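Biologist: I'm new to reading protein models. Could we go through this one together, one question at a time?

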Amino acid sequence: MSYTCPLSYPGLFDKCFYASSDRGWILGIKSVSDHGNRDPRFFFSLKTDRAHKVTSIHSNARYLPGHWAHVAITYDGLYMKLFVNGAQTAVSREQSGDVFCALTKKCKVLMLGGNALNNNYRGSVEQVTLWRQALPQHQIIRHMHGYEDLQYQDDVVIRESFEHPGRKWLPVKDGSFPQPDDGPRAGLGSLDTTLEPPACGQTICDNVEVVHNYNQFWSFRRPKTVRYRVVNIFDDELRRPTVTDQQIHLQHQHLNEAFAMYNITWELTVHNVSNSSLRCRLVLANCDISKVGDEDCDPECNHTLTGFDAGYCRPRTRCPNHKLKNGVCDPECNWDNYEYDNDDCCNPNVTDVTKTCINPASNLRAYMDVKELKEILRLDGSTHLNIFFANSSDEDLAGVATWPWDKEALTHLGGIVLNPSFYGTFGHTHTMIHEIGHSLGLYHVFRGISEIESCNDACLETEPSLETGDLCADTNPTPKYKHCGDPEPGNETCGCRNFVHTPYNNYMSYADDDCTDSFTLNQVARMHCYLDLVYQTWQPNYKPSVVPMAPHVVDQGQDTITIEWFPPLTGHVYDREVGSVCDKCAEGRVFVQYASHSWSPRPCLPSGHWSPREAEGKA
């Protein structure tokens, strides 16, 4: 673990050589991340005269900009302790003895707001108090609430409120003193529960701390059974199914084999629909009906049964006048500009409309889009992941999935759409696994290279990260590549790069079935997060969703303790249509989870926190 860019506030230094923080103590803020200045924490570092190296301890919660905090540090010659809002958040016994020996006491200098290394603090401070002896925790709590005990008054060395700083202090750098701040003290003792995603993310499941907890704690990735429903359409005589029983069973087998090692089991339901009208019509996976015949060639609508986008995707032919409205469907007249042979091609008394009716305004047209199919079937999307089948004019498009943050995700308009040719056939069973990955919040592994809009895109991925690209730190950056190996060096949009150790065997790549075989740990964490926070009702053993962060002690009194925890559902993750799952929500579409009681089989850690595995409770 590395520490970068510390911001010192108070520190007691050796002024004989105070350009170094080697001897003395510092209270400040610094990063505990390997990636630049991310994950800032309060820290307390100390090196006594007899110690060989510095000891640093830090708070277990992130520093929250814009929030007031009461921070205290103590050292009694044996224990270093750090307190945030009255809660002990870190402790160490690595140092011992006096901070300064008798010979160096005259070298002491107390600096506020930084040190000689330009590690300056920018913010507000209400008061700084320094005692001769280490206060016990209960006295720190009393001081935080404004109480003063007479027995400790004689030990106060400094109590500074900065009303007249020029009377006691000397400016070190620019000659200026701190300015009064009359702003509100909002935030003291409260938790920042916004859990913002990174710039490249969408929801709280993209938040680095949330994903980290899902990675770290097995209990968040407990075994889950998830229901899915295959929608199979037959003709009126229950013949000509869209997919066969053999396809369904083979796909189900391969699906569970792929997810079993990740504690996800899929429970199959088959929904048979007997409707010749639906069965005989072409369902287009990615064509919006409103685009057919709109005087532009839309590639997604360029299909034989749409008349090649009502004729706008192929050279026009001339229709002789004598063929118009002659009671015969003439192909050369079946275009938008001839009113589809004056509707002869959509007249069931004249022709087989399932092959000739391309007029998008006709109820008898030979095709429909997926949204129309879903509206006709209106299958509940809050209890199952629905699997529909459709064709596509794009040979590379084998499936389409609804993202978990889409408002349709838990409605009849959500689900996955697959090409029946890429479902339940040997060599093509991983297509559904790939699309389920999308439904559970996974991006393509090549998102950070091949799916960015510009070289200034927040998602541009230069190294594996939880904040860029596919938001997984265990998938190396890679361009879109269909082969089973690292791509050849080439000129990418944002520079020439060599890509090595790329995740070509990942289910979220574009490689073939004989190459793809796994998800990564970060991907598994994301899927479990969305199963917990969005798709609880797809699971037969439904339980209230987990709280993805450990509870925090935010206040302690002599006889009371206040604990806050993050809400299980926040933001637009749960922004659903009324009538799907929002009947479980309180006013304002807020899902509230209360704890009736909680306990732990082991004592609370010195930090004042239980980890999710150590804490148990009922809601």
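Biologist: Which residue does Glu375 meet in a salt bridge?

Modeller: First, some ground rules: this is a predicted model, where local features need pLDDT of at least 70, side-chain atom pairs count only at pLDDT 80 or more, and totals for chains, interfaces and linings use all residues. Residues are numbered from 1 along each chain as its sequence is written, and side-chain values use heavy atoms, with hydrogens and water left out. A salt bridge here is a side-chain nitrogen of Lys or Arg within 4 Å of a carboxyl oxygen of Asp or Glu. At 2.8 Å from N to O, the side chain of Glu375 pairs with that of Arg378.

Biologist: Is Arg378 buried or exposed?

Modeller: We go by relative accessible area: buried is under 20%, exposed is over 50%, and partly exposed lies in between (1.4 Å probe, protein chains only). Arg378 has 52% relative accessibility, so the label is exposed.

Biologist: How many salt bridges does the count come to?

Modeller: Side chains of opposite charge can pair when their charged atoms come close. One of the pairs is Glu332 with Lys323, whose closest N and O atoms are 2.4 Å apart. By the salt-bridge rule, the count comes to 8.

Biologist: Which residue forms a salt bridge with Glu372?

Modeller: Glu372 is partly exposed, with a relative accessible area of 25%. Its partner counts as buried because its relative accessibility is 5%. The closest N and O atoms are 2.2 Å apart, and that partner is Arg365.

Biologist: How many residues of H11 are buried?

Modeller: Helices (H or I, at least four residues) and strands (E, at least two) are DSSP runs, numbered from the N terminus. Helix H11 covers residues 521-533. The buried ones include Asn522, Tyr530 and Leu533. The helix is largely enclosed by the rest of the structure, because the buried residues number 12 of the 13.

Biologist: Which helices and strands do the buried residues of H11 pack against?

Modeller: Contact means heavy atoms within 4.5 Å. The packing partners are helix H2 (208-216), strand E11 (224-234), helix H3 (245-259) and strand E12 (264-274).

Biologist: What separates the C-alpha atoms of Leu27 and Phe44?

Modeller: Leu27 is found in strand E2 (residues 24-31). With 12% relative accessibility, Leu27 counts as buried. Leu27 and Phe44 are 17 residues apart along the chain, and their C-alpha atoms are separated by 4.7 Å.

Note on methods:
Expected span 1.5 Å × (residues − 1).
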